[in-house]
Every structure is written in C-alpha cells, then in structure tokens.
Amino acid sequence: NLSQKIADLALLLTAGRLSGQNQATIEQTCGTEPNEASILRCAQQLIITTAEFHTTNRVERNGEDRSAETSVSDASNEPYKAIVYFYLGGGLDSYNMLVPYTCSPIDVYEKYRTVRGKNDLSEGIGLPKTRLLEITTNVGDPSNHLGQPCSSFGIHENLPTIKTLYDHRQVNFIANAGLLAKSVDVSNYNDETPVQLFAHNAMTMEAAREDLADKYSGTGVGGRMSDVFSQSGIPTNTFSINGQQILLTGEAGQGPSQFILSSSGLSDFNADPSIGDMNDVIMSLNNATTPDSGFFAETWSSKLSEAMMKQEQLKTEVDNTSVTAAFPDSGIGRQLQMVSRIMQTRQARGVKRDIFYVTDGGYDTHADVDINLVENFATIDAALNAFVSEMKTLNLWDSTTVVQFSEFARTLDPNTGDGSDHGWGGIHFMLGGSVNGGKVLGSYPDDFVQSPTNPIALSRGRMIPTHPWDAMWLGTAEWFGIKTQADLNKVLPMLKNFDPSLLYAESDLFVASETATA
C-alpha cells in the first residue's frame with residue numbers, strides 16, 4: 001500500500017529518520033498522482049528536499065510557517081549605495097590602457113615605446129600618440145602633477161567613455177598598483193609576498209580575498225563588507241552575475257549569502273515540478289523546528305527555505321523591471337544590464353547596500369595584444385557607456401561606484417608573438433558620480449628596465465607595485481559606509497602594513513555628497 005511504499009523509500013533514503021509528520025505530508029501530496037510511477041517519482045523528489053535526507057538528525061516541527069520569519073528591514077535614514085566590482089580576467093595589459101604622453105624632464109613616452117619593442121625594424125606593441133586620447137594628469141589643478149613623471153597621459157583610443165568621464169572628473173586611475181602584503185622592492189619581494197606571483201588562479205583569488213595572511217579564511221573583501229553592514233543593522237545584498245565568487249563570501253553566520261544569477265536573470269527554482277504546488281510542499285517539509293530538534297537539520301531547512309523565498313521574491317521583482325539605455329549584446333553588456341535591473345528592486349528587497357560582481361574575459365594576451373585590446377576595449381567601453389546612461393536615468397549615478405581590477409598587469413617587453421606575458425603592477429581605475437576624479441594617482445614608473453639602480457623593475461619590464469589594491473579600497477570602503485578602524489581592519493586586514501602616504505582616503509577619492517554631480 002501507499003504508506004508502506006513511502007516508508008520503504010524513507011528507510012532507503014533517510015535510514016528511517018523521516019518524521020511521521022513529513023511522511024504523512026508526502027503521502028497526502030503524492031497519493032493523488034495518477035499511477036504508481038508518478039507517485040514514486042513525486043515521493044522521491046520530496047524526500048530528498050528534507051533535512052532528514054541531508055543530515056543525520058531527527059526533526060521535530062513546531063508548526064510555524066517559516067515565511068513569517070522574513071521581513072523587510074527598516075534603515076530609512078541610510079542612503080542607498082552600490083559597488084560594482086568590474087573584473088577583467090586574464091591579466092590586463094594596462095600599460096596600453098593608460099600611456100605616458102607629455103613627460104618632462106624624463107621622456108617617459110619614448111622609454112615606454114622603446115621597452116615595448118619599437119626599433120628601426122618594428123613599431124613594437126606600444127601605442128603611437130595618434131591612437132591615444134590625451135588627458136591632463138590632474139584636471140582640477142593642471143599645474144600639480146600629483147608626483148607623476150608626466151603632465152598628461154593618453155587613454156587607449158577605444159575607451160572614449162572613460163576619457164569623457166575622466167574629463168568630467170568622474171574617473172580616477174591608480175598607477176603601478178597590485179596585490180601586496182606589504183611594500184617591497186627587488187631585494188625582498190619574493191620572501192615578503194606570500195602568493196604564487198604571476199599565476200592566474202592564485203592572483204585572481206587573492207585579489208578578491210585581499211587577505212594574504214589568511215586572517216579571515218575563505219572570505220573576500222566584498223563579503224567582509226556585507227558582514228560589517230549586516231552586524232550594524234544595515235541591510236545588504238551581494239550579487240554575482242558570473243558564478244559563485246569568493247569576493248562576496250563572508251564569515252559564516254555574519255552576513256547574507258550571495259545571490260548567483262546569469263546575465264539573463266533568474267530561472268524558476270523548480271521549472272518542471274512533478275506536482276502543481278511542489279514548492280509549497282517543500283516549504284512545509286522544511287518549516288520551523290522545535291528547540292530540541294537537530295541543529296544541522298534546522299540549518300538545512302532554514303537555508304533552503306530562505307533561498308527559495310529570496311529567489312522567488314527577486315525573480316518576481318527583476319522580471320518586472322526594464323531599462324531605457326541600449327546595452328550592447330555582449331557578455332559584459334548583458335551583465336551590466338542585469339546589474340541595473342537588480343538595482344531597481346532595492347526598495348522591494350529593503351536593502352541599503354548592494355555589491356555586484358561582473359567580469360569580462362580575453363585579457364591573457366600572450367599573442368596579438370594590440371588586436372585583442374582594440375576589440376576588448378571597444379566592447380567594455382560600449383557596455384560602460386550604456387551603464388552610466390542607465391544609472392543617470394535611474395538617479396543612481398551618484399550612488400554607484402565601479403572599481404576595476406585584474407589579477408596582474410603584463411610585461412612591457414613584448415614576446416615574439418606581438419603579445420605580452422604575465423607581469424605584476426599595473427594601472428586600474430574607478431568611476432562613479434560621486435568620484436572626485438580627473439586624477440592619475442599612484443606612481444607611474446619613469447623607468448621600466450631592470451638595473452641595479454631600479455628598485456621596482458624585474459626582468460622584461462615586470463613592475464613591482466608601489467601601491468597596494470588597498471589604496472583604492474580604503475577610500476571606497478569609507479565612502480560605502482565602513483567608518484571605524486576596527487571595521488576597516490576587518491574589511492582590509494593588510495591595511496596596517498602600508499604607509500598612509502600610499503593609501504587614499506574617502507576625501508581623496510570622493511566628493512562630498514552634496515557636491516556629487518548627476
């Protein structure tokens with residue numbers, strides 16, 4: 001009979017732990033199916049969603065509906081802000097993104113062209129000035145070159161959106177930055193940088209973690225930010241539009257789990273259910289438990305229920321959004337379009353902080369670096385142009401900051417395939433309506449060649465970073481709302497290892513809120 005068959009299934013799948021209450025629910029639900037095969041399929045599918053299947057605990061339900069546990073948090077006095085972590089995967093040749101232009105007394109541009117392979121027989125992989133969009137090193141005060149060797153630089157010709165935003169003082173570059181545990185030079189970099197330098201997997205992970213001493217094991221800088229906000233009562237969500245990311249992982253029990261979705265949105269949790277109300281039944285099988293019920297079982301049920309409820313809410317809200325900007329039909333274009341749609345659901349989600357992860361690939365340019373960057377830069381420029389336009393339409397431009405990273409830069413000295421190989425220190429940028437921009441910060445090198453007198457040049461023009469990733473992250477975290485030193489030390493545990501002169505505070509990177517331009 002039906003009861004015996006369900007009991008036999010429960011014995012096989014849960015070693016007899018399935019509670020009588022859950023067994024009765026499954027019998028009642030699946031008993032209306034038209035044939036034995038459908039009944040067994042229904043029962044199997046429901047049993048494997050229970051805590052008894054996933055843990056060795058026995059479960060006692062208290063009869064309460066978990067949906068009553070969800071509520072929209074109230075932090076009405078807190079302004080909404082969002083960070084978009086924009087990752088260029090493969091190791092960006094950033095010395096062809098931002099190039100020396102007008103430099104004195106040292107002609108850094110000629111040194112750049114020489115190290116990039118220009119000679120009597122070849123133009124090398126460096127860019128001629130005719131292919132550069134010239135920018136002033138310091139738009140706000142052109143006479144102050146911010147310690148750079150050049151009064152102007154050139155942005156790659158296929159990044160006109162970055163050029164326009166820079167001229168409007170809404171983009172900053174940080175030169176010769178990279179992953180560092182502490183400041184190093186050629187004499188000690190290998191011993192004092194505990195990471196597999198020049199390796200994609202290690203440098204990608206550690207750039208997202210920003211914790212080479214492993215103080216907060218298994219977490220990323222974005223996840224630790226969300227932990228701080230959650231513990232402070234500021235509702236925060238994190239979203240990856242490209243698979244699960246350690247960047248968004250926080251400490252267990254401290255903050256929210258990351259949402260993972262594709263650039264096309266969220267699919268149904270159960271797109272082909274065996275029965276019409278299957279999701280409701282799964283929720284009932286995982287309703288709240290009594291205090292003496294198993295802890296592991298309660299954890300499974302609460303996390304599953306939370307995920308189902310949040311997924312349903314987010315999908316409903318996102319499906320009802322639209323955009324006005326013409327986003328390009330590229331991978332990064334679709335990702336940024338999805339970011340803008342998710343932002344529109346912030347009030348329904350009741351959040352005041354969002355952190356997003358998006359990525360574009362194709363930057364491991366061991367061959368034909370120029371050809372690849374021409375195409376890649378055109379792609380990301382079009383996507384950023386549409387995103388900025390949409391943010392302005394939504395009145396969210398002042399509330400949004402995009403921070404760009406890549407695992408490492410590349411050798412300035414080209415290889416035989418007109419490409420460049422794995423390097424270290426390079427240039428990255430940030431942009432947003434509240435950015436105090438129009439500045440080339442950091443320390444752009446004025447000598448790219450390894451020699452006994454050059455403390456930061458390794459072989460083939462691999463530059464040792466003078467500034468850590470923390471330089472940009474510090475001011476960005478402060479703008480985002482991380483204010484106390486204790487919280488900053490958690491978000492950026494290597495911060496204390498660097499001289500303050502190498503770091504940029506909120507006042508260096510952002511304008512006061514009342515002067516931010518839309």
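**Notebook: helices, cysteines and a far-off glycine**

I began with α1 and α3, which are oblique to each other (angles under 35 degrees count as roughly parallel, over 145 as roughly antiparallel, 65 to 115 as roughly perpendicular and the rest as oblique). Before going on, I noted that this is a predicted model, where local features need pLDDT of at least 70 and side-chain atom pairs count only at pLDDT 80 or more, while totals for chains, interfaces and linings use all residues. Residues are numbered from 1 along each chain as its sequence is written, and side-chain values use heavy atoms, with hydrogens and water left out.

**Entry one: the α1 and α3 pair**

I looked up the packing of helix α1 (residues 2-14) against helix α3 (residues 36-47): the angle is about 40° and the axes are 10 Å apart. The axes are lines fitted to C-alpha atoms, for helices over the stretch in contact, and angles run from 0 to 180 degrees between N-to-C directions. Helices here are DSSP runs (H or I, at least four residues), strands are too (E, at least two), and both are numbered from the N terminus.

The crossing of α1 and α3 came out right-handed (the near helix is turned clockwise from the far one by less than a right angle; anticlockwise would be left-handed). Which residues make the contact? From α1 I listed L2, K5, I6, L9, A10, L13 and T14, and from α3 E36, I39, L40, A43, Q44 and I47. Contact means heavy atoms within 4.5 Å. Sorted by class, I get nine nonpolar, two polar and two charged residues (Ala, Val, Leu, Ile, Met, Phe, Trp, Tyr, Cys and Pro count as nonpolar, Asp, Glu, Lys and Arg as charged, and the others, Gly among them, as polar).

**Entry two: disulfides**

How many disulfides are there? My search of the whole structure found two, taking a disulfide as a pair of cysteine sulfur atoms within 2.5 Å.

C30 and C42 form one, with sulfur atoms 2.1 Å apart. The torsion about their S-S bond is about -70°, so this disulfide is left-handed. C30 sits in helix α2 (residues 20-30) and C42 in helix α3, so the pair ties together parts twelve residues apart in sequence. I checked accessibility as well: C30 is buried at 0%, and C42 is buried at 0% relative accessible area (buried means under 20%, exposed over 50%, partly exposed in between, with a 1.4 Å probe and protein chains only).

C103 is joined to C150, S to S 2.0 Å. This link is right-handed, with 85° about the S-S bond. It connects distant parts of the chain, since C103 is in strand β2 (residues 98-103) and C150 in strand β4 (residues 150-156), 47 residues apart. C103 is buried at 11%, and C150 is buried at 0%. In sequence order, the bonded cysteines of the protein chain pair 1-2, 3-4.

**Entry three: α15 and α8**

Is α15 (residues 470-480) largely enclosed or open? Eleven of its eleven residues are buried, so the rest of the structure largely encloses α15. Among them are M472, W473, W479 and F480. Just after α15, G481 has a positive phi of about 125°.

In helix α8 (residues 200-209), I noted A202, M203, E206, A207, A208 and R209 as buried. Their cover includes β1 (81-88) and α9 (221-231). E210, just after α8, takes a positive phi of about 55°.

**Entry four: G63**

I found G63 in the loop between α4 (51-54) and β1. G63 counts as exposed, at 64% relative accessibility. Its C-alpha atom is 65 Å from that of L146, and the two residues are 83 apart along the chain.
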